Amino acid sequence: MLPVVALVGRPNVGKSTLFNVLTRSRDALVADMPGVTRDRHYGICRSGARPFVVVDTGGLSGIDEAMDVLTAKQVRLAIQEADVLVFVVDARDGLLPQDYTILNELRRSGKPIVAAVNKTDGLDDQAVLAEFSAFGLGAILPLSAAHSRGTGELISALLPLL
Ligand code: GDP
Ligand code: MG
C-alpha cells in the first residue's frame, strides 16, 4: 500500500491545480468556478524518491449556504484516509476564518500537516510566509501550482513524513 497525502482546503484555493501538477494528470477538474470538483480524485505522484497517492478532496458545492457543511465532510473523509495532510491556502485571500476552522479539524486528527500557501506568483514569498506563520505550523511552503513553482520543495517536505 502506498502512503496517502490528502489536499485539503477551501474551494478555489488551487487544490485541483496542485493535484494535476503532483500527479501530472488532467484527472482533476480545474475551473474558474469555485466548487466544481464534486468528488474526490485519486492519483499517484511519482516525482519524488518514493511514490505516494494524492487525494484531491474537492470543493463539492457552489451553494454558499451548504459550503461549510460540505467542506467539513470532505475534511473528515480526507483525515480518515490520509497519512499526511496538505493544508492548501490562498496567498491572495490571506487568512480567512474558514481556514482556521479547517485547520482546527485537521489538528484534532493528530496527523502531520504541511501548509501549502498557493498563488504566490507575483507576491513576495517572505511577506506571505510572515502572514501565514500565524497558523503556528512547523511546515509552511510558498507555492504557485499554476506555474509549477514550489512543488518540488513540497514533495521534499512530504517524503520524510510518509
Ligand atoms: P480548488 O477549488 O481548490 O480545486 O481550486 P482550482 O485548482 O480549481 O483553482 C481555482 C482557481 O485558482 C483557478 O482559476 C486556477 O486557475 C487558479 N489557480 C490555481 N493555482 C494558482 C496559482 O498558483 N496562481 C494563480 N494566480 N492562480 C491559481
Ligand atoms: Mg477542485
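A residue is called buried here if 20 or more other C-beta atoms lie within 10 Å of its own. With that cut-off in mind, colour the whole protein chain of this predicted model by burial, and buried residues will make up 41% of its 162 residues.

Next, switch to a cartoon view and follow the protein chain from the N terminus, where the elements run β-α-β-β-α-β-α-β-α-β-α, giving 5 helices and 6 strands. If you draw contacts between residues at least 6 apart in sequence, 65% of them join residues at least 24 apart.

Now select residues 4–8, which form strand 1; 4 of these 5 residues are buried, so the strand is largely enclosed by the rest of the structure. Add residues 52–56, strand 3, which runs parallel to strand 1 and is joined to it by 4 bridges; within this pair, Val4 stands opposite Val53. Then add residues 84–90, strand 4, which also pairs with strand 1 in the parallel sense, over 4 bridges, and here Val8 stands opposite Phe87.

Finally, turn to the backbone torsions, remembering that most residues other than glycine have a negative phi. Select Asn12, in the loop between strand 1 and helix 1 (15–23), where phi is positive, near 80 degrees; Asn12 is partly exposed, because 18 other C-beta atoms lie within 10 Å. Then move to Ser148, in the loop between strand 6 (140–142) and helix 5 (151–158), which is not a glycine either and has a positive phi of about 50 degrees; Ser148 has 15 C-beta neighbours inside 10 Å and therefore counts as partly exposed.

Note on methods:
Residues are numbered from 1 along each chain as its sequence is written. Chains are lettered from A and ligands numbered from 1 in the order in which they are written. This is a predicted model: local features need pLDDT of at least 70, side-chain atom pairs count only at pLDDT 80 or more; totals for chains, interfaces and linings use all residues. Helices (H or I, at least four residues) and strands (E, at least two) are DSSP runs, numbered from the N terminus. A residue is buried if 20 or more other C-beta atoms lie within 10 Å of its own, exposed if 12 or fewer, and partly exposed in between; C-beta atoms are placed from the backbone. Two residues are in contact if their C-beta atoms, placed from the backbone, lie within 7 Å. Two strands pair if DSSP finds at least two bridges between them.
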